[in-house]
Amino acid sequence: MPDNNGSIYIGLMSGTSMDGIDAAAMRFPDNSCNLITTHQHPYPGGLRTALAAASRKPHACTLDLLGELDQRVGECFRDAVAKLLRKAKIDPADVAAIGSHGQTLRHRPDAENPFTLQIGDPNVIAAGTGITTVADFRRRDVAEGGQGAPLTPAFHHWLFSDSNDARVLVNIGGIANVTCLPILGPVTGFDCGPGNTLLDAWNLKHRGTQFDRDGKWSVEGSVDEALLGDLLADPYFALKPPKSTGFEYFNLSWLDNVLAEHASTPPANVQSTLCELTACAIANAIRNHFGAAKEVIVCGGGVHNRDLMSRLGNRAFPAVLHTTAVYGLDPDWVEAAAFGWLAMRTLRGQPGNIASVTGAARPAVLGGVYSA
Ligand SMILES: Nc1ncnc2c1ncn2[C@@H]1O[C@H](COP(=O)(O)OP(=O)(O)O)[C@@H](O)[C@H]1O
Ligand SMILES: [Mg+2]
């Protein structure tokens, strides 16, 4: 399918939460994003467990396992596209390209030999769908000296910036990232710290479920201010951007280190404090780097955590808080849409990164193209 103003693109995203593959089909007519269909494709239980183990316990991941997971994740991404196409009755021949983020297993942009690793073999996706697939977006930015993340700010800027109002986009996935969209001047953006990842991990440990639905558990507890202060004392929060992070850093062991001094804090209070930590990290990032924002626009799974949204609303005041739904894009699908859009940029030979965000030496055309 030749690329034109009415072309269909598919975006595939699975974030650090590993809660499944977000697949979205869309068009980008006249500087807008029209979702056609979406599909959330769960990883089979065994695969999710294997991915979590491989990423959380690096020494347990052999080369054989890595190769096998790369292929199995590719198959899942391929199957997600097949379901999406069936659901929307879209002919693969009508799709210009798939943009596949893949599944991050490791992100070490600040290591002596910086690298970032997303798996989900794009060859499997292109071969199985018959659709040109663009993938491996982050490594080009790292090769240009950047963090390789966040990459969605270019899409946020394209879709949500406004010539009259300074806005901030916040994506609350496993990790939370902010994009500052000034009226004038360069776009900035960075990972500000944990989004849902610690909330999910603590909830799983104490309640055995994947996440604290609607924030019902955290709202039962109360914030332990001393604990919150110690959590916020972590140097990552004060680090100057460009910066990015992941579950390699913000995980249960990170939390346990701080909790050692707060052993008597009841679990529900820890959950409340973690919720406040996410809200604080986001609000502080906005205040310290972009005080002028009048509007804070949120997307990502965190929008469903009512306790978190209420805390963020309080912390971000007087800025107005709402979700991307106000601007016509369902907050659950912004990240997937961004990777469909990034695929379009790549096919058109246009850069997908913003150097002022990632710290790359220059804007670059991102990703590899795997032809249909
Ligand atoms: N109803 C809900 N209540 C509370 N949290 C939710 C709810 N729905 C989703 N979430 C949170 O959103 C996370 C998934 O968000 P997502 O944006 O997909 O993150 P990622 O990009 O890391 O995959 C879940 O792990 C969970 O923490
Ligand atoms: Mg997700």
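**Domain contact and a helix pair**

In this predicted model, the C-alpha centres of domain 1 and domain 2 sit 23 Å apart. Domain 1 is put together from two stretches of the protein chain, 8-148 and 334-370, while domain 2 covers 153-327. Where the two meet, domain 1 puts in 26 residues and domain 2 puts in 27 residues.

So much for the overall split; what does the domain 1 side look like? Four elements each give two or more residues to the side that touches domain 2: helix H1 (45-56), strand S4 (95-108), helix H12 (334-347) and helix H13 (355-358). Of these, H12 hands over the largest share, five residues. Sorted by class, this side of domain 1 comes out with 13 polar, eight nonpolar and five charged residues.

Turning to helix packing, helix H6 (residues 197-207) packs with helix H10 (residues 267-289), the axes lying 9 Å apart at an angle of about 170°. Since angles over 145 degrees count as roughly antiparallel, H6 and H10 are therefore roughly antiparallel to each other. On the H6 side, the contact is made by Leu198, Leu199, Trp202, Asn203 and His206. H10 answers with Pro267, Val270, Gln271, Leu274, Cys275 and Thr278. In class terms, seven of the residues in this H6 and H10 contact are nonpolar and four are polar, with no charged residues in the mix.

Note on methods: Residues numbered from 1 in each chain as written. Chains lettered and ligands numbered in written order. Predicted model: local features only at pLDDT ≥ 70, side-chain atom pairs only at ≥ 80, totals over all residues. Axes fitted to C-alpha atoms, helices over the stretch in contact; angles between N-to-C directions. Parallel < 35°, antiparallel > 145°, perpendicular 65-115°, else oblique. Contact = placed C-beta atoms within 7 Å. Nonpolar A, V, L, I, M, F, W, Y, C, P; charged D, E, K, R; others polar. Domains from an automatic or database assignment.
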